[in-house]
Amino acid sequence: MSSFKNVLYFQAGLGVLANMVLLLFYIFIILGHRPKPTDLISCQLTFVHIIMVLTGGDILLTDLFELLNIENDFKCKTIFYISRVMRGLSICTTCLLSVFQAVTISPNTSLLAKFKQKLKKYMVCVFLCIWSFNLAFSTNRIFYVGGFTNVSETNQMQVTKSCSLLPMNIIIRGFIFTISTSRDVFLVGVMLTTSVYMVITMFRYHRQCKYLYSISHLRESPEKRATQTIVLLVSFFVVMYWVDFIISFTSDMIWMYDPLILTVQKFMMYAYPTITPLVQISSDNRIIIMLKNLQSKHQQRFFNKDFFFSL
C-alpha cells in the first residue's frame, strides 16, 4: 500500500502546484486587467480545488495536524467538514461555470440571452449563496465523524487511518443521503443539459459559418475553445462523481470500507481537481502567452548574464 500512497502524494502535489499556478494567474488577471466573467468563477473553482486536495484523502493536512499534535477527534471533524464543504462547492461552481458559459454563447434570440447581464450583475450574490448553502449543508459531518477507537465495540466505520463515521439512526442517515443525492443529481443534470445545449449551439454556429466563409478561413473562436474546455471538464467530472458515488453508496450500505476500495476512492477524489487546472492551462491562450513571455524574459536575462561574464 506504500506505493499507492506515493502515487497519491504525487497526484496531490501535482494538483496543488497546478492549481496554485492557475490561481496566481487569475488573481493577476482580476486585479490588473479586465477579467472575463468566467475568470471569477474559475478563480473560485481553483481555490476550492486547492483546499479540496489539501483536505481530501487523509494525506497532506492530516500529516500537518499530526505534527502539531492536535486532538484526533477535532482533527477528524475539521478535515471531514472542510472536505465535504469543498466537494459541494466544487460541484456547485462547476455547474455555475457550465450554466454561465451556456448563457454566454446563447444567440440573442434565445430565452437565455436575457440572463446575460443579470448573471454578471448578481455574480457576487450567487457566490455568497453557494458558500452559505454548502457551509450549512455539511454541518452533519461535525456530529457524525470522530476519531477512530474500536470498531468492534462502537460499530464505527473506519474511513481513514485515524477517523471513522459514527453510527446514526437509519432514518437520519436515509434523510441525509436523500437530500445530498438529490442535490448532486440535480446539479449533474443541469451540467449535462447545459453541455448538450452548448454542443448543439456551437454545431449550429459552425454550420452557419460554413455558408458564409470558406472552411480554410474559419478560425477557432475563444468562445468555442472555452466551451470545449468546459464540456470536457463537465464530462470528466460526471464520470468521477458517479464512480465516487457508487463507492460511497456501497460502503454505506454494507457499513464497511475495504482498504483497496478506499485507496481507489482517494485517487478519484484527487483526479478532478488535478486534471482541471492542467486542462484550463493548456486551453487558455492567455496563460500560454504569459508563460512564453516569462520564459523568453528568463532566457534573455540568462543570455545577458552569460554575455556579461564572458567579457
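Which residues does Phe-237 touch, not counting residues up to four places away in sequence? Select Phe-237 and look around: Ser-90, Ile-91, Val-188, Met-191 and Tyr-272 are the residues it touches. Keep in mind during this tour that the model is predicted.

**Stop 1: the nonpolar core**

Stay with Phe-237 for a moment. Phe-237 belongs to the largest nonpolar core, a group of 36 residues. Together with Ile-41, Ile-91, Val-188 and Met-191, Phe-237 is among those with the most contacts inside this core. Now colour the elements that give two or more residues to the core: α2, α4, α6 (123-137), α9 (170-212), α10 (222-254) and α11. Helix α4 gives the most, with 13 residues. There is also a second, separate core of nine residues, and you can find it by selecting Leu-22, Leu-23, Ile-29 and Cys-43, which are included in it. As background, nonpolar side chains tend to be buried together in soluble globular proteins.

**Stop 2: along helix α4**

Select residues 72-105 to show α4, a helix of 34 residues. From its first C-alpha to its last, α4 reaches 49 Å, close to the 50 Å expected at 1.5 Å a residue. Hide the rest of the chain, then bring it back: α4 is mostly covered, with 26 of its 34 residues buried.

Next, pick Ser-90, which is found in this helix. Is Ser-90 buried or exposed? Its relative accessible area is 1%, under the 20% cut-off, so Ser-90 counts as buried. Leaving aside neighbours within four places in sequence, Ser-90 is in contact with Leu-45, Val-48, His-49, Met-52, Phe-237 and Tyr-272. Try a distance tool here: Ser-90 and Thr-46 are 44 residues apart in sequence, yet 9.0 Å apart in space from C-alpha to C-alpha.

**Stop 3: a network of charges**

How many salt bridges does the structure hold? There are three. Start from Arg-87 and show its side chain. One salt bridge joins Arg-87 to Asp-184, with the closest N and O atoms 3.2 Å apart. This pair links distant parts of the chain: Arg-87 is in helix α4 and Asp-184 is in helix α9, 97 residues apart.

Arg-87 also forms a salt bridge with Asp-244, where the closest N and O atoms are 3.6 Å apart. Asp-244 lies in helix α10, 157 residues from Arg-87. Both Arg-87 and Asp-244 are buried.

Now add Arg-183, which forms a salt bridge with Asp-184 at 2.9 Å between the closest N and O atoms. Asp-184 is buried, with a relative accessible area of 3%, and Arg-183 counts as buried at 10%. Select Arg-87, Arg-183, Asp-184 and Asp-244 together to see them linked in a network of salt bridges.

**Stop 4: Asp-39**

Move to helix α2 (residues 37-55) and pick Asp-39. At 2% relative accessibility, Asp-39 counts as buried. Its contacts, leaving aside neighbours within four places in sequence, are Tyr-26, Ile-29, Ile-30 and Arg-286.

**Stop 5: out to the surface**

Finish by turning on the surface and selecting Phe-10, Leu-14, Ile-275 and Leu-278. These residues form a nonpolar patch there, with about 350 Å² of accessible area together. Helices α1 (2-32) and α11 (259-283) each supply at least two residues of the patch. Click on Ile-275, which sits in α11: at 33% relative accessibility, Ile-275 counts as partly exposed.

Methods:
Residues numbered from 1 in each chain as written. Predicted model: local features only at pLDDT ≥ 70, side-chain atom pairs only at ≥ 80, totals over all residues. Heavy atoms only, no water. Helix = DSSP H or I, 4+ residues; strand = E, 2+ residues; numbered from the N terminus. Expected span 1.5 Å × (residues − 1). Buried < 20%, exposed > 50% of the residue type's maximum accessible area, 1.4 Å probe, protein only. Contact = heavy atoms within 4.5 Å. Patch = residues over 30% accessible without salt bridge, like charges linked within 9 Å, V, L, I, M, F, W, Y side chains within 5 Å. Areas by Shrake-Rupley, 256 points an atom, 1.4 Å probe, with all protein chains shown as cover. Salt bridge = Lys/Arg side-chain N within 4 Å of Asp/Glu carboxyl O. Core = buried A, V, L, I, M, F, W, Y, C linked by side-chain atoms within 4.5 Å.
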